[in-house]
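Q: Could you take me through how to read strands, helices and internal spaces in a protein model?

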Amino acid sequence: MNTEIRVPQLPESVADATLVAWHKQPGDAIRRDENLADLETDKVVLEVPAPANGVVRELRVASGTVVTSGQVLAVIEEGAAAAAAAARPGVASAKPTPALAAAGNAAPGNEAGRDTGKLSPSARRMVEENHLDPATIPASGRDGRITKSDVVGFLGKKPGEATPGATVSGTAPAQPAAMGAAAAPAALARPSGEAAARAEQRVPMTRLRARIAQRLVEAQSTQALLTTFKEVDLSATQELRARYKERFEKEHGVKLGFMSFFVKAAIEALKKFPVVNASVDGNDIIYHEYYDIGVAVSTDRGLIVPVVRDADSKSFAVIEKEVADYARKAREGSLSIAELTGGTFTITNGGVFGSLMSTPIVNAPQSAILGMHKIQERAMVVNGAVVVRPMMYLAVTYDHRIIDGREAVQFLVAIKESLEDPGRMLLGL
């Protein structure tokens, strides 16, 4: 029996998706729930699993094609013998590529060949289908694990090289379907000499990068953005964290970081100044009586903002667990659209990259965003004496259409007071 494989139902906020990679070709055997293709939306990469065991009979959409909900992607014959795949001429062998085999046999710690056990299943398939060497792919997963988003990012950044076994002047052999125009730039002959230093390459943006660019431009063109700054002494927060971090990790199974303190401090400030938690809809101001805090996470594919729902009702431990889980999922490319949708206020931390000060752009339709920065020891005057304190510059960018400077500054002062005396957050003061 033939079964049509269709694009899954996409959320309301996602109009379409781009098919970026096929993991099977006509004649290949496929197992139930095995990933057949990757669809890239504006926010996440979705997998299209097979509904049953069978053999792929037809691919109706080429890599790089924009597809919509319900569109037919492929046809599989349920229950067909797997031997059909082996009998089909030209079907790629299921054996690992030489690069993978070499990597698997490499001695531990040898950077020239990363252990294939460090590949997630979806990443392994993409590596095999595109004949990549895992040792050349930067890993962002836990313990050096290569994720699917690492491979997608690597394909998108690869310079225009001929495929393995092809000469620059000769005709390159056919590439796997996963190496479509959306996955990597077309192969180009490499110039030599002086021309090589001035080579150029045109590479299309990924959907995520294009969406990020669109939203940033929209935010700056539709909102009256202004940024104000405040510095905070984190001595008390660092002392409290150092005192309890070992016990905290033992009790809750997660490290006590700084993000939970900033989320809690931001919520206390938002409660005092609800307009900062509001948004604009036409000529109306919508005051959100809940606190869904977006936490910006940087990935190889771009900046994404998963949302901690009802953060005001969650403990420090739950917030730390959710943030850590979101960061892991972001690196692996496994965040769901629901986890990236909504949010009433966002926190971004440029300090992890060494930034001392920045002017973050509001994540529209929100009306404000808090920027954290690097903690740096500086000489400060305290009670007439010069002392060394761990200081951080805080920045809040806000929509001046509904938030006045007085409210923005007092909002930052409230955050500063909570962080300089974290006991206030526990007592609700």
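The dialogue below takes up strand pairing, a helix crossing and a cavity in turn.

Q: Before we begin, what kind of model is this?
A: This is a predicted model, and everything that follows should be read with that in mind.

Q: How many strands form the open sheet, and in what order do they lie?
A: As a general idea, side chains in a regular strand alternate between the two faces of the sheet. In this structure 4 strands form an open sheet in the order β5-β4-β2-β7, with antiparallel pairing. The edges are β5 (45-49) and β7 (66-67), each of which pairs on one side only. At the β7 edge, strand β2 (residues 17-22) is joined to β7 by 2 bridges in the antiparallel sense, and Ala 17 has Val 67 of β7 as its bridge partner.

Q: Which strands pair with β19?
A: Strand β9 (residues 225-233) pairs with β19 (residues 385-399) in the antiparallel sense over 9 bridges, with Glu 231 matched to Tyr 393. Strand β17 (residues 368-372) also runs antiparallel to β19 and is joined to it by 4 bridges, one pairing being Ile 369 with Thr 397. Strand β18 (residues 376-382) is linked to β19 by 7 bridges, again antiparallel, and here Arg 378 stands opposite Arg 389.

Q: How many residues lie between β18 and β19 in their hairpin?
A: There are 2 residues between the strands of this hairpin, and Asn 383, which sits in the turn, has a positive phi of about 55 degrees.

Q: At what angle do helices α7 and α8 cross, and is the crossing left-handed or right-handed?
A: The axes of α7 (residues 259-272) and α8 (residues 316-332) come within 9 Å and cross at roughly 115 degrees, and the crossing is right-handed. On the α7 side the contact is made by Met 259, Ser 260, Phe 261, Val 263 and Lys 264, while α8 contributes Phe 316, Ile 319, Glu 320 and Val 323. Sorted by class, this contact of α7 with α8 has 6 nonpolar, 1 polar and 2 charged residues.

Q: How many cavities of 30 Å³ or more does a search of the whole structure find, and what lines the largest cavity?
A: The general idea is that rolling a probe the size of a water molecule over the atoms shows where empty space is left. Here the search finds 1 cavity of 30 Å³ or more, and the largest cavity has a volume of about 70 Å³. Its lining comprises 13 residues, of which Lys 43, Arg 301, Ile 304, Ala 330 and Gly 333 lie nearest the centre. By class, the lining of the largest cavity divides into 6 nonpolar, 4 polar and 3 charged residues.

Terms used: Residues numbered from 1 in each chain as written. Predicted model: local features only at pLDDT ≥ 70, side-chain atom pairs only at ≥ 80, totals over all residues. Heavy atoms only, no water. Axes fitted to C-alpha atoms, helices over the stretch in contact; angles between N-to-C directions. Left-handed = near helix turned anticlockwise from the far one by under 90°. Contact = heavy atoms within 4.5 Å. Nonpolar A, V, L, I, M, F, W, Y, C, P; charged D, E, K, R; others polar. Pairing = 2+ DSSP bridges. 1 Å grid on protein atoms, 1.4 Å probe; cavity = no way out; pocket = protein on both sides within 12 Å on 5 of 7 lines; lining within 4 Å. Points joined across faces, edges and corners; volume = space filled by probe spheres on them.
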